[in-house]
Amino acid sequence: MSEQTKRAVAVPRSRISRLGRLGSLAGRVAGNMLIDGGKQLARGQRPAARDLLLTPSNMQQLANKLATMRGAAMKVGQLLSMDTGNLLPAELTAILERLREDAVIMPAVQLHDALERNWGENWSDNFVRFSFEPIAAASIGQVHRAMSRNEQDMAVKIQYPGVKESIDSDLDNVFGLLRLSGLIPKELDLNPLIDEARSQLKREADYALEGASIEEYYAALSTSALKDRFLMPRFFSDYSTPEILCMSYVEGISLDSLQSAAQAVRDRCVADLFELLLMEFTQFGFVQTDPNLANYQYSTAEDKVVLLDFGANRAFERSFVERYCCAIRAAIEQQSDTLAQALSDLGFFAQNRQQSNLPLVLDIFMMAMEPLRSDGVYDFGATDLAQRIHQKGLEISSNPDAWHTPPPDVLFLHRKLAGLYLIATRFKARVDVAAIAQRYLF
């Protein structure tokens, strides 16, 4: 975490205080609109409300407010970007995406309160060393390094106060504010996504569940063909509480730093991540669905990718896995009729609604499977795949009446796949994705 992005800001705990933060934001945005509108009228211009709303100042205030609130309020950007990016204003999408990187930490007073509340006043007696400077910060908690009395090198994730209790009200308040502002198209039905967001965020805030997910993932990985190609932490249940998750500390550098590594290193790491996804989906039956770069590191000592953060693990029913694999195979073999039926079975198309966008959806899915269909090595550094998919997405968003948000299982799986594509593009990786797919899908 860079010094530039480290900001210590108290986390508002109560529903009233969190609502107040959003209310004050709405007031400032409205005030800015009045001032900017007045200036334009004075120049003889007729300002559009949308243009007055989407100013850099207003977007910056929105990002800052959501970041300091943390929790569900900060997670909204990630959830909205999963499937609705082409339907939202580019300015809003960019601001919400920025929240992935924005690291705001707890002040020392709140940190000490959290430690004493969970471990008691004499908690420090159990440690030889505890670093009060976090080594990472995210939307739900921040991570500290510590050494226990029995010499366990630990990563300690501490949940922000009030985050778990505020999930429902945060989602209602933030989505309500975005709706009232006009930033979300009225035609877009986000209710299924909001309901799934509630469920997912409550799972991520359940540190006992994440601890169990770590153990489940470790057991699956350690008996798999990829056991020697990844590192991951172990869960320490004796030190963990509902608000504190304790794991073994795994030494690693930012995965993003591999952008300057040798081509062979970048290629191997990306290939391993693609194979891991296919193994998760087809063999483990669950997938870590958050592809944020911060959830990975790289061990230079062991030349392996380090896996971090298992709060977003998602289980998939075997029937869903089989239907989705059928869709992938149809896209690889470019069988449009088979693909249309497979996507319909997966819930891509709403009943009793026009399906004028069906050809576009098929085109996008076919396009997205291009790396799996490519003959030999696919060069992610030389492809314009992301731009082509984006352009097709804009064609869909031009007809909101025909738009249908796919089921949550599809959204979260696409979130992971899209994230891996972005990592591969960022690293300019060259990977024989088709060969990897053959081992798991056929």
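**Exercise 1. Place E151 in the chain and decide whether it is buried or exposed.**

Solution. The starting point is the loop between β5 and β6 (153-159), for this is where E151 lies. The model used here and in the exercises below is a predicted one. The next step is the backbone: E151 has a positive phi of about 65 degrees although it is not a glycine. As background, most residues other than glycine have a negative phi. The last step is accessibility, and since exposed means over 50% relative accessible area, E151 with its 67% counts as exposed.

**Exercise 2. Carry out the steps of Exercise 1 for Q334, stating where it lies and what its phi is.**

Solution. Q334 belongs to the loop between α11 and α12 (336-345). Its phi is near 55 degrees, which is a positive value in a residue other than glycine. The relative accessible area of Q334 is 52%, and Q334 is therefore exposed.

**Exercise 3. Describe the surroundings of H144, beginning with the strand in which it lies.**

Solution. H144 is part of strand β5, which covers residues 141-148. Its relative accessibility is 0%, and because buried means under 20%, H144 counts as buried. Turning to the polar atoms of its side chain, one finds the backbone oxygen of S131 2.9 Å from one of them, while the backbone oxygen of F132 lies 3.5 Å from a polar atom of this side chain. When residues up to four places away in sequence are left out, the residues that H144 touches include L111, F130, P134, I135, M154, V156 and I158.

**Exercise 4. Check whether the span of α8 agrees or disagrees with its number of residues, and then describe Q200 within this helix.**

Solution. The helix α8 has 14 residues, which at 1.5 Å a residue should span 20 Å; the C-alpha atoms at its ends are 20 Å apart, so the two values agree. Among the buried residues of α8 are L193, A197, Q200, L201 and E204. Q200 is found in this helix, which runs over residues 191-204, and it has a relative accessible area of 1%, so it is buried. The side chain of Q200 makes a polar contact, at 2.6 Å, with the side chain of R203. Not counting residues up to four places away in sequence, Q200 touches G311, A312, R314 and F412. F412, in turn, is one of the buried residues of α16.

**Exercise 5. Work out how many cavities of 30 Å³ or more are counted, and which elements give two or more residues to the lining of the largest one.**

Solution. The count comes to three cavities of 30 Å³ or more, and the largest cavity holds about 160 Å³ of space. Its lining includes F274, L277, Y324, I328, M369, H414 and V433. The elements that give two or more residues to this lining are α10 (263-284), α11 (318-332) and α16 (408-426). The largest share, four residues, comes from α10. By kind, the lining residues divide into eleven nonpolar, one polar and no charged. For the second largest cavity the volume is about 50 Å³, and its lining residues, among them Y217, E280, N295, F310 and K416, divide into six nonpolar, two polar and two charged.

**Exercise 6. Examine α10 and α16, asking how many residues of α10 are buried and what follows each helix.**

Solution. For α10, its 22 residues should span 32 Å at 1.5 Å a residue, and its end C-alpha atoms are 30 Å apart, which agrees. This helix is mostly covered, as 18 of its 22 residues are buried. After α10 comes G285, with a positive phi near 85 degrees. For α16, with 19 residues, the reach from first to last C-alpha is 27 Å, close to the 27 Å expected. Its buried residues include L413, K416 and L417. Just after α16, K428 takes a positive phi of about 50 degrees.

**Exercise 7. State how many helices and strands the protein has, and what percentage of its residues is buried.**

Solution. The protein has 17 helices and 15 strands. Of its 442 residues, 53% are buried. To complete the picture, consider the contacts between residues at least 6 apart in sequence: 73% of them join residues at least 24 apart.

Terms used: Residues are numbered from 1 along each chain as its sequence is written. This is a predicted model: local features need pLDDT of at least 70, side-chain atom pairs count only at pLDDT 80 or more; totals for chains, interfaces and linings use all residues. Side-chain values use heavy atoms; hydrogens and water are left out. Buried means under 20% relative accessible area, exposed over 50%, partly exposed in between (1.4 Å probe, protein chains only). A polar contact is a pair of N or O atoms within 3.5 Å; within protein, one must be able to donate a hydrogen and the other to accept it, and residues adjacent in sequence count only if both atoms are side-chain atoms. Contact means heavy atoms within 4.5 Å. On a 1 Å grid over the protein atoms alone, a cavity is a set of points where a 1.4 Å probe fits but cannot get out, and a pocket is an open set with protein on both sides within 12 Å along at least five of seven lines; lining residues have an atom within 4 Å of a point. Grid points are joined across faces, edges and corners, and a volume is the space filled by probe spheres set on the points. Ala, Val, Leu, Ile, Met, Phe, Trp, Tyr, Cys and Pro count as nonpolar, Asp, Glu, Lys and Arg as charged, and the others, Gly among them, as polar. The expected span of a helix is 1.5 Å times one less than its number of residues.
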